[in-house]
Amino acid sequence: MSRYKKLEEEMKACRKCHLRDTCLNVVPGEGNEKAEIMFIGEGPGEKEDKLGRPFVGAAGKFLDEMIGLIEMKREDVFIANIVKCRPPGNRDPLPEEAEACWPWLLEQIKTIKPKLIVTLGRHAMERFLPNQKISQMHGMALRREITGIGKQVFYALYHPAAALYQGSLRETLKTDFKKIPKVLKAIEKEKNIKKEVQMDADRFSEENKQEALF
Ligand code: SF4
């Protein structure tokens, strides 16, 4: 059993918060365990809860379409949520519920080691980039240090469900999505620069490294 599968079994058996009392299934997430891109939404909805899979309703279909725009498939990426159990009536997860589930998400990130974490919607963004407005942050790649993970690049997007119901956001989401390959390349370039920095520390300053990524 892979390290991820073992983690998945542990998540499925979790009863750390009361969301498990009302949901049908724990929805740990799915996709490529070695994905370069990890999408993180807020929590499972009704259909996700029934099927035990993330993003399978209308928003999920739209997400699949978006993933197709960057010439990838759902199986190429990893899709997870901040909380793994459906909040009753699709309400927002409470801070204590998100807190209880946070160690699972950290373990998922540490196991999958994505190059890029793409947050879907305001709540997922706030977890990693607190005190920011999604209207200002969407479509921007930022690197920040997260306790337990280390330095990680984040890219905030509007939630596919919000974009489905607001025509203007739909186009914005598509435009932001299409930039993802460029962000991945920038991260890769940054990695190469880091290697060169190790060989020739004087040639590349910290400042240049930042410019190379963004
Ligand atoms: S939401 Fe997370 S912490 Fe709460 S029971 Fe489900 S898996 Fe456990």
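Ala, Val, Leu, Ile, Met, Phe, Trp, Tyr, Cys and Pro count here as nonpolar, Asp, Glu, Lys and Arg as charged, and the others, Gly among them, as polar. With that division in hand, the surroundings of the ligand in this predicted model can be described: the shell around the ligand divides into 10 nonpolar residues, five charged ones and no polar ones. In total 15 residues surround the ligand, and the closest are C14, C17, R20, C85 and C101. Two elements, α2 (19-22) and α5 (95-112), are those that give two or more residues to this shell, and of the elements it is α5 that gives the most, with four residues.

From the ligand the reader can turn to the sheet. Six strands form an open sheet, in which the order is β1-β3-β2-β4-β6-β5 and the pairing is mixed. Because β1 (30-31) and β5 stand at the edges and each has a single partner strand, one side of each is left without a neighbour in the sheet.

Each of these edges can be followed in turn. At β1, the partner is strand β3 (residues 78-81), which runs antiparallel to β1 and is joined to it by two bridges; here E30 stands opposite I79 in β3. At the other edge, strand β5 (residues 141-146) pairs with strand β6 (residues 150-157) in the antiparallel sense, over six bridges, and R143 stands opposite V153 in β6. The strands β5 and β6 form a hairpin with three residues between them, and in its turn G148 has a positive phi of about 95°.

Terms used:
Residues numbered from 1 in each chain as written. Predicted model: local features only at pLDDT ≥ 70, side-chain atom pairs only at ≥ 80, totals over all residues. Near = placed C-beta within 6 Å. Pairing = 2+ DSSP bridges.
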